Structure formats: structure tokens, C-alpha cells
Amino acid sequence: MSTPVTLETIRSAPKVLLHDHLDGGLRPATVVDLAREVGYTGLPTTDPAELGEWFAAAADSGSLERYLETFAHTVGVMGTREALARVAAEAAEDLAADGVVYAEVRYAPELFTDRGMSLDEIVEAVQEGFREGERRAAEAGRRIRIGTLLCGMRQNDRAWEIANLAVRHRDAGVVGFDIAGPEAGFPPTRNLDAFEYLRRENAHFTIHAGEAFGLPSIWEAIQHCGAERLGHGVRIVDDIEVGEDGEARLGRLASYVRDRRIPLEMCPTSNIQTGAAPSIAEHPIGLLARLRFRVTVNTDNRLMSHCTLSSEFAALVEAFGYGWADLQWFTVNAMKSSFLGFDERLRLINDVIKPGYAKLMA
Ligand SMILES: [Zn+2]
């Protein structure tokens, strides 16, 4: 008799998260504390419960300005060594408490230089925080490993510099690189020098592509820049035609993405908030998973989307009737697609993920 699939039991299942933003996952109470410590006065309220609701409502409002304002507050309180280390440590603890066994958490170091820290100091502070959070989680009986991705902001043209920063810290837990920020008007090829540099260095990277913008963004990310994974990649469905008989016909690009097993870092709730999908039930993840693309499930911004990886899974279970075998498939997909070394990926799949799901399915 297999364990029923509920939010509670999903929390106990080993999970892997590849797309989670450090500045999108703070605890509301921490935002309030840090604002006081760094003298940030712009918060809409200093009551943690109200602030949590404000973040979720602003992200849900359908207004891009209000959505972006949420990040002005989180970034605004994070620009000191202590703040970055605290936010990173708590992220590791919160993810571990949700049953995440491996996570890749990303952030853009260039957003935190206002108070005088260098890019290297910023990376060191975050790494210190993640190690501390892993330690605290282990003490609480939860093993988690965090890999870091450094993002360049598309509109700032500092991608080459940040790519160098990622390579400099690759042996200290930085496992890859990404570009984030507005997609329209900022095609991935603008940062081609950064991607060429990373390829010369045998370094890993993913690219936010196909979230707000269509197929050309995905095509450039893969074929010009050499992205190993796609952040979101939702719009790949524009290259798939589903006939009235339910039969799907894939275009050349969609076929390429599926044939090459290019991982899609899908973030269902976030996509609904930004208008990239109308609802969970109508989210392309259902079709893409059915067609066996290399689909992974992610949180994007836990604070703004008021979600956890477990709640994302629970929402998919409700919308598509998934069972443990499907949740294991998403999890193994994510582990296979991570930027961790092959031997470690294999160890986590064989020693942690498969036994974890076997127990739930027994
Ligand atoms: Zn993202």
C-alpha cells in the first residue's frame, strides 16, 4: 500500500531544485530585521505577517511594476556581509526543512555593491551563509547540499565580468552561471563574450529564455550561446502543435530540445504570476512532461510566489493527477541536469532519491 500523495508526505520526499533566486526567497521576518539593521525605510509595513501577504499580493497583481518593487525591497536590505550570509543560511535551512536534498540557488552579485562590498566579498559572504545553513540543517537531521549560480543582469552588460567571477569561485561552491532580467530587447547573444569565455573554461551555464519572450530567445540561447539548460523555456510549446486527436507534432527546435535532453527549469506558479501561463492546469508543463521533455519543477521566488518546492509538486499532483513515480521522475530529471559533478549526481540518485521514493511507493 503506497503512501498517499499529500502536501505533508511530499515534504518528506527527497527533492531537487535547480531554479531558485536568493533575493526571491527571504523570510518576511528577516526582511523586517534586516531593514532595521541596515536603515532601509522603504518597506510597506514592518509587521512580518502583513509583509508576507503584501509580497504575495504584489507579485499576484498582474502589474510588472509592483512585481519588480518586491525585489527592490529584498535587494535593498541584503547589501551587507552579515545580511547576505544570514539570507543564504536561512535559505539552506528552509529548503532542507522542505525536504530538498540538493538545490542550486542563484543571485546577481552586481545588485549588492551599493554599500561598498566588492563582487568577490559578496560571493564569499553568500558561500559562508550556505555552508552555515547546511551545517544547521545537518544538526536538525536534514542533509542538504547547495550549489550556487551567479547571474549577470541582461540590462547591465556586466555578464563577462560575472562569468569571470563564477569561474574564480568554481572550487568554492559556485557551480554555474546564468543571465536574468528583462528578456525582450535583451537577446542572449548580447552576452556572447561571456558564454564563449565560459565554454573555453569548461564551465556550466543556463540561460533564462522562453519565459516572457518566444522561440527566437530559446533558439539563440541554445544554438548561439550554448546554454546547457533553459530557465523556464515555457514558450517551447509554441513549436508544438497538438491535433484534435491529441497527437503532438514537434517543430525542429522543439525536437532538438527534446532529442538533446535539454533540461527545462519550469516554475509553474511564477509563470502564472508573470502571465507566461494562465493556470496550473493549463500550464505547458503537463504537455511537455507527457511528451517526455527533460522537465524539472522549480520555485523561482518562494517569497513572492508564496510557495515551496513541495507546494509546487502538490499543485501539479492536483492538476494532473501525478503519483510518486512522476514526482520521482521530475526529481531524477533535476538531479541528472544539475551542474554538480557526475559522481555526486549519481550518488544522490542512487543513495538518496531512489531509496526515498521506493519507501513511499512500497
Ligand atoms: Zn528565474
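This report covers a zinc site, a set of annotated positions and several individual residues in a predicted model.

Residues are numbered from 1 along each chain as its sequence is written, and side-chain values use heavy atoms, with hydrogens and water left out. Local features need pLDDT of at least 70, side-chain atom pairs count only at pLDDT 80 or more, and totals for chains, interfaces and linings use all residues.

## The zinc site

Four protein atoms are donors to the zinc ion: His19 (NE2), His21 (NE2), His208 (NE2) and Asp300 (OD). They lie 2.1 to 2.4 Å from the ion. Donors here are N, O and S atoms within 2.8 Å of the metal (3.2 Å for Na, K and Ca); water is not among the atoms, so sites may look incomplete.

The angles among the four donor atoms run from 83 to 169°, and the site is irregular. Four donors count as tetrahedral if all angles lie between 85 and 135 degrees; four count as square planar and six as octahedral if opposite donors are over 155 degrees apart and all others between 65 and 115; anything else is irregular.

The sequence spacing of the donor residues is H-x1-H-x186-H-x91-D. His21 sits in strand E1 and Asp300 in the loop between strand E10 (295-297) and helix H13 (309-320), so this pair ties together parts 279 residues apart in sequence. Helices (H or I, at least four residues) and strands (E, at least two) are DSSP runs, numbered from the N terminus.

His21 and Asp300 are both buried. Buried means under 20% relative accessible area, exposed over 50%, and partly exposed in between (1.4 Å probe, protein chains only).

## Annotated positions

UniProt, in an unreviewed entry, lists His21, Asp23 and Gly181 under "binding site". The three are spread over 161 residues of sequence but cluster in space, with a largest C-alpha distance of 13.1 Å. UniProt positions are given in the numbering used here, feature names are shortened, and annotations may be inferred rather than shown by experiment.

The lining of the largest pocket includes His21, Asp23 and Gly181. On a 1 Å grid over the protein atoms alone, a pocket is an open set of points where a 1.4 Å probe fits, with protein on both sides within 12 Å along at least five of seven lines; lining residues have an atom within 4 Å of a point.

His21 belongs to strand E1 (residues 15-21). His21 counts as buried because its relative accessibility is 11%. Leaving aside neighbours within four places in sequence, His21 is in contact (heavy atoms within 4.5 Å) with Val105, Arg106, His208, Asp300 and Asn301.

Gly181 is found in the loop between strand E4 (174-180) and helix H8 (192-200). With a relative accessibility of 35%, Gly181 counts as partly exposed. Beyond neighbours within four places in sequence, Gly181 contacts Met153, Arg154 and Gln155.

## His232

His232 lies in strand E6 (residues 229-232). His232 counts as buried because its relative accessibility is 0%. A 3.4 Å polar contact joins the side chains of His232 and Glu211. A polar contact is a pair of N or O atoms within 3.5 Å; within protein, one must be able to donate a hydrogen and the other to accept it, and residues adjacent in sequence count only if both atoms are side-chain atoms. Leaving aside neighbours within four places in sequence, the contacts of His232 include His19, His208 and Asp300. Those three are also among the zinc donor residues.

## Positive phi

Two residues have a positive phi although they are not glycines.

| Residue | Phi | Place | Relative accessibility |
|---|---|---|---|
| Asn202 | about 55° | loop between H8 and strand E5 (206-209) | 66%, exposed |
| His306 | about 50° | loop between E10 and H13 | 64%, exposed |

## Ser305 and Lys354

Ser305 is in the loop between E10 and H13. At 6% relative accessibility, Ser305 counts as buried. Ser305 and Thr269 are 36 residues apart in sequence and 6.4 Å apart in space, C-alpha to C-alpha. Not counting residues up to four places away in sequence, Ser305 touches Thr269, Ser270 and Gln273.

Lys354 is in helix H15 (residues 342-361). At 42% relative accessibility, Lys354 counts as partly exposed. Lys354 and Thr331 are 23 residues apart in sequence, with 9.5 Å between their C-alpha atoms. Not counting residues up to four places away in sequence, Lys354 touches Gln328 and Ile349.
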